[in-house]
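Hi everyone, thanks for making time for this. Please pull up the model on your screens, and stop me whenever you like.

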Amino acid sequence: ASSSALSSEGGEERESEVHVHARCEGCGVELQAERPERVGYIPPDVYQQIKKNQRVTNEEEKQVDALRDKERDIAKEITYLRNRQAGKRMSPDPEKQGQAEKIQAAVEKLELKRQQIRHQIHHL
C-alpha cells in the first residue's frame, strides 16, 4: 500500500490518547510495521509518519472542539446581555440607559472575541 492510498479508522481510547488504526484505502487491510511476512506490512518509517500525522490531526480536532465550545459560551453570553440590554434601553431612566450602553460595549467586545475564535478555527 502506498502512503497516498491510506486512510484511518477510529479506535478505542486509552490513557486519554485516541488510538487510530491506519488502513489501506485500496483493500481495507489494517497496516502494520512489525511483521513483514504478514498482510498489511509497510516499512516502519512510513508507518511512524502515518501515526505522527494522525496524532497531529487528533490534536487539531481537540483544539477545534475546544474553540467551538468557547464560541458557544460566548454566543450564550451575548444573547443574555442583549436580552438585559433590551429592557434597559427602553427605560426613560438615564441610569438604565447608561447601563444599556455599558452592556452594548461588553457585547461588542464579545463579538470581537467570537470573530477571533472563528478565525482560529478556520486556520487550524
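I'll go through the overall layout, then the cores, the charged pairs and one loop residue.

First, the ground rules. This is a predicted model, where local features need pLDDT of at least 70, side-chain atom pairs count only at pLDDT 80 or more, and totals for chains, interfaces and linings use all residues. Residues are numbered from 1 along each chain as its sequence is written, and side-chain values use heavy atoms, with hydrogens and water left out.

Let's begin with the layout. The chain has 2 helices and 2 strands, where helices (H or I, at least four residues) and strands (E, at least two) are DSSP runs numbered from the N terminus. Along the sequence the order is β-β-α-α. Of the 124 residues, 25% are buried; here buried means under 20% relative accessible area, exposed means over 50%, and partly exposed is in between, with a 1.4 Å probe and protein chains only.

For the surface, the chain has about 9,200 Å² accessible, and 48% of that belongs to carbon and sulfur atoms. Those areas come from the Shrake-Rupley method with a 1.4 Å probe, and for residues only the protein chains shown count as cover. Taking contacts between residues at least 6 apart in sequence, 40% join residues at least 24 apart, with contact meaning heavy atoms within 4.5 Å.

Now, which residues make up the largest nonpolar core? There are 10 of them: Val-64, Leu-67, Ile-74, Ile-78, Leu-81, Ile-103, Val-107, Leu-110, Ile-117 and Ile-121. Helix H1 and helix H2 (94-122) are the elements giving two or more residues to this core. By nonpolar core I mean a set of buried Ala, Val, Leu, Ile, Met, Phe, Trp, Tyr and Cys residues joined through side-chain atoms within 4.5 Å. Apart from this core lies another, of 7 residues, including Ala-22, Cys-24, Ala-33 and Tyr-47. As background, nonpolar side chains tend to be buried together in soluble globular proteins.

For a close-up of the 10-residue core, click on Leu-81. Leaving out neighbours within four places in sequence, Leu-81 is in contact with Ile-103, Ala-106, Val-107 and Leu-110.

Let's stay with helix H2 for a moment. Its 29 residues should span 42 Å at 1.5 Å a residue, and the end C-alpha atoms are 42 Å apart, so the two agree; the expected span is 1.5 Å times one less than the number of residues. Buried in H2 are Ala-100, Ile-103, Val-107, Leu-110, Arg-114, Ile-117 and Ile-121, and what covers them includes H1. At the N-terminal end, Asp-93 caps H2, with a side-chain oxygen 3.0 Å from the backbone nitrogen of Glu-95.

On to the charges. How many salt bridges does a search of the whole structure find? The search finds 7, counting a side-chain nitrogen of Lys or Arg within 4 Å of a carboxyl oxygen of Asp or Glu.

My favourite place to look is Glu-71, in helix H1 (residues 44-89). Is Glu-71 buried or exposed? Glu-71 has a relative accessible area of 14%, so it counts as buried. It forms a salt bridge with Arg-118, with the closest N and O atoms 2.4 Å apart. That pair links distant parts of the chain, with Glu-71 in helix H1 and Arg-118 in helix H2, 47 residues apart. Arg-118 itself is partly exposed, at 42%. Glu-71, Arg-114 and Arg-118 are also linked in a network of salt bridges.

A second bridge between the helices joins Arg-82 and Glu-111, at 3.0 Å between the closest N and O atoms, with Arg-82 in H1 and Glu-111 in H2, 29 residues apart. Within H1, Arg-72 and Asp-69 meet at 2.3 Å, N to O; they sit 3 residues apart, about one turn of the helix.

Last stop: Gln-32, in the loop between strand E2 (17-24) and H1. Gln-32 has a relative accessible area of 13%, so it is buried. A polar atom of its side chain lies 2.9 Å from the backbone nitrogen of Glu-34. Not counting residues up to four places away in sequence, Gln-32 touches Arg-38, Val-39, Gly-40, Tyr-41, Ile-42 and Tyr-47.

That's my tour, and I'm happy to take questions.

Conventions: A polar contact is a pair of N or O atoms within 3.5 Å; within protein, one must be able to donate a hydrogen and the other to accept it, and residues adjacent in sequence count only if both atoms are side-chain atoms.
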